[in-house]
Each structure stands twice: as structure tokens, then as C-alpha cells.
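Colleague: I have just opened this entry and would like some help reading it. Could you walk me through the features one at a time?

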Amino acid sequence: MPALANARHEAFSQYRAKGALLDEAFERAGFVLAKGHSCRLASRPEVAERIAEIRAAMPEAEDVSPQALMASLMRIAAAGIDSDVPAVLKEARLALVDVAKIQGGLSDARRADRNDMKYDTF
């Protein structure tokens with residue numbers, strides 16, 4: 001699929017594909033933020049297809065470790081924590097919840113490894 005004919009739709013697609021939040025991508029693309037407009041644009045078939053195409057063409061992330069993922073989520077949370085926009089605050093909160101889940105999973109894995117070592121005999 002070639003670039004979208006509408007330059008702002010293309011810019012929005014590029015920003016979303018690179019990980020920007022809906023409202024952030026919407027504003028960066030030159031739109032005036034209004035309730036629901038960014039969501040409506042993202043759900044347009046041609047825009048959604050373009051975002052998926054750009055993401056598919058992106059090289060795989062080199063570091064997909066849990067620590068790198070938690071660092072990315074913490075950056076999202078830090079960027080949104082001081083916002084007055086409820087949707088941005090919600091995204092920041094959800095990022096923190098995801099970090100806690102990952103940390104819990106790592107803790108459980110370490111605990112299981114320790115338990116396995118107790119019963120290993122050489």
C-alpha cells in the first residue's frame with residue numbers, strides 16, 4: 001500500500017506505527033485535538049491498514065527483554081502522569097499496571113528457579 005493521499009493521515013499513521021499514543025499522534029500530525037477524533041481516525045480502514053503495514057515493515061526490536069519493556073512502559077507512564085487529559089492519564093496508569101505485572105512474573109520465575117535448585121542433586 002502506498003503512502004496515504006492525505007498527508008496528515010499519513011503522518012498520523014507514521015507516528016502511531018512508531019508507538020505514539022492516539023492523541024499524541026493526532027496532534028503531531030497537525031490536527032486539533034477533540035474528543036474521539038483520534039480514535040475515529042485510527043479506526044478508518046485505510047489508516048488502520050497503513051499503520052499495520054508500516055509496523056510490519058519495521059525491523060524487529062533488538063532488545064525485547066522484560067527490562068527493556070518495563071523501561072519503555074515507564075517512559076510512557078512518566079510522559080502521561082502530569083497530563084490533564086483523562087485518556088492520557090489512563091494510558092499512564094495502565095503502563096504502570098503492566099510494569100507491575102511484568103515484575104511479578106519475573107519474581108515468580110526467580111522463585112521457581114530457586115525452588116528447582118533446592119531439589120537438584122549432583
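Modeller: Happy to; we will go from the overall fold to the cores, the salt bridges and the surface. Please keep in mind that this is a predicted model.

Colleague: Which elements make up the protein, and in what order do they run?

Modeller: The elements run α-α-α-α-α-α from the N terminus on. That makes six helices and zero strands.

Colleague: How much of the protein counts as buried?

Modeller: The protein has 122 residues, and 25% of them count as buried. Its accessible surface comes to about 8600 Å², with 57% belonging to carbon and sulfur atoms. As for contacts between residues at least 6 apart in sequence, 51% join residues at least 24 apart.

Colleague: Let us take one helix as an example. How far apart are the end C-alpha atoms of α5, and what should its residues span?

Modeller: Helix α5 covers residues 66-80. At 1.5 Å a residue, its 15 residues should span 21 Å, and the end C-alpha atoms are 21 Å apart, so the two values agree.

Colleague: Which residues of α5 are buried?

Modeller: They are Ala68, Met70, Leu73, Ala77 and Gly80. The general idea is that an α-helix has 3.6 residues a turn, so residues three or four places apart point the same way. You can try following that list along the helix on your screen.

Colleague: Now the interior. What should I look for in a nonpolar core?

Modeller: In soluble globular proteins, nonpolar side chains tend to be buried together. Here the largest nonpolar core has 13 residues, and those touching the most other members are Phe12, Phe26, Phe31, Leu41, Val47 and Ile51. At least two residues of this core come from each of α1 (7-17), α2 (22-28), α3 and α4 (45-57). Helix α4 gives the largest share, three residues.

Colleague: Is there one core, or are there separate ones?

Modeller: There is a second, separate core of six residues, and Met70, Leu73, Ala95 and Val99 are among them. Two names there, Met70 and Leu73, should be familiar from the buried residues of α5.

Colleague: Back in the largest core, what is Ile51 in contact with, leaving aside its neighbours within four places in sequence?

Modeller: Ile51 is in contact with Phe12, Ser13, Arg16 and Ala17.

Colleague: What about polar residues? Is Ser38 buried or exposed?

Modeller: Buried means under 20% relative accessible area. Ser38 has 4% relative accessibility, so it counts as buried. This serine lies in helix α3, residues 37-42. Setting aside neighbours within four places in sequence, Ser38 is in contact with Phe12, Leu22, Asp23 and Phe26.

Colleague: And His9, buried or exposed?

Modeller: His9 is buried, because its relative accessible area is 12%. His9 sits in helix α1. Beyond neighbours within four places in sequence, its contacts are Leu4, Phe31, Leu41, Arg44 and Val47.

Colleague: Arg44 brings me to charges. How many salt bridges does a search of the whole structure find?

Modeller: Side chains of opposite charge can pair when their charged atoms come close. The search finds five salt bridges. In one of them Arg44 pairs with Glu46, with the closest N and O atoms 2.8 Å apart. Arg44 is partly exposed at 39% relative accessible area, and Glu46 is partly exposed at 27%.

Colleague: Which residue does Asp108 form a salt bridge with?

Modeller: Its partner is Arg111, and the closest N and O atoms are 2.9 Å apart. Asp108 and Arg111 are three residues apart in helix α6 (residues 86-119), so about one helical turn separates them. Asp108 is partly exposed at 44%, as is Arg111 at 41%. Elsewhere, salt bridges that share partners join Glu10, Arg50 and Glu53 into one network.

Colleague: Where do Glu53 and Arg50 lie?

Modeller: Both are in helix α4, three residues apart, about one turn of the helix. Their side chains meet in a salt bridge of 2.3 Å, N to O. Glu53 counts as partly exposed at 25% relative accessibility, whereas Arg50 is buried at 11%.

Colleague: Last, the surface. Which residues make the nonpolar surface patch?

Modeller: Met74, Ile81 and Leu96 make a nonpolar patch of about 250 Å². Met74 belongs to helix α5 and is partly exposed, with a relative accessible area of 40%.

How values were computed:
Residues numbered from 1 in each chain as written. Predicted model: local features only at pLDDT ≥ 70, side-chain atom pairs only at ≥ 80, totals over all residues. Heavy atoms only, no water. Patch = residues over 30% accessible without salt bridge, like charges linked within 9 Å, V, L, I, M, F, W, Y side chains within 5 Å. Areas by Shrake-Rupley, 256 points an atom, 1.4 Å probe, with all protein chains shown as cover. Salt bridge = Lys/Arg side-chain N within 4 Å of Asp/Glu carboxyl O. Helix = DSSP H or I, 4+ residues; strand = E, 2+ residues; numbered from the N terminus. Buried < 20%, exposed > 50% of the residue type's maximum accessible area, 1.4 Å probe, protein only. Contact = heavy atoms within 4.5 Å. Expected span 1.5 Å × (residues − 1). Core = buried A, V, L, I, M, F, W, Y, C linked by side-chain atoms within 4.5 Å.
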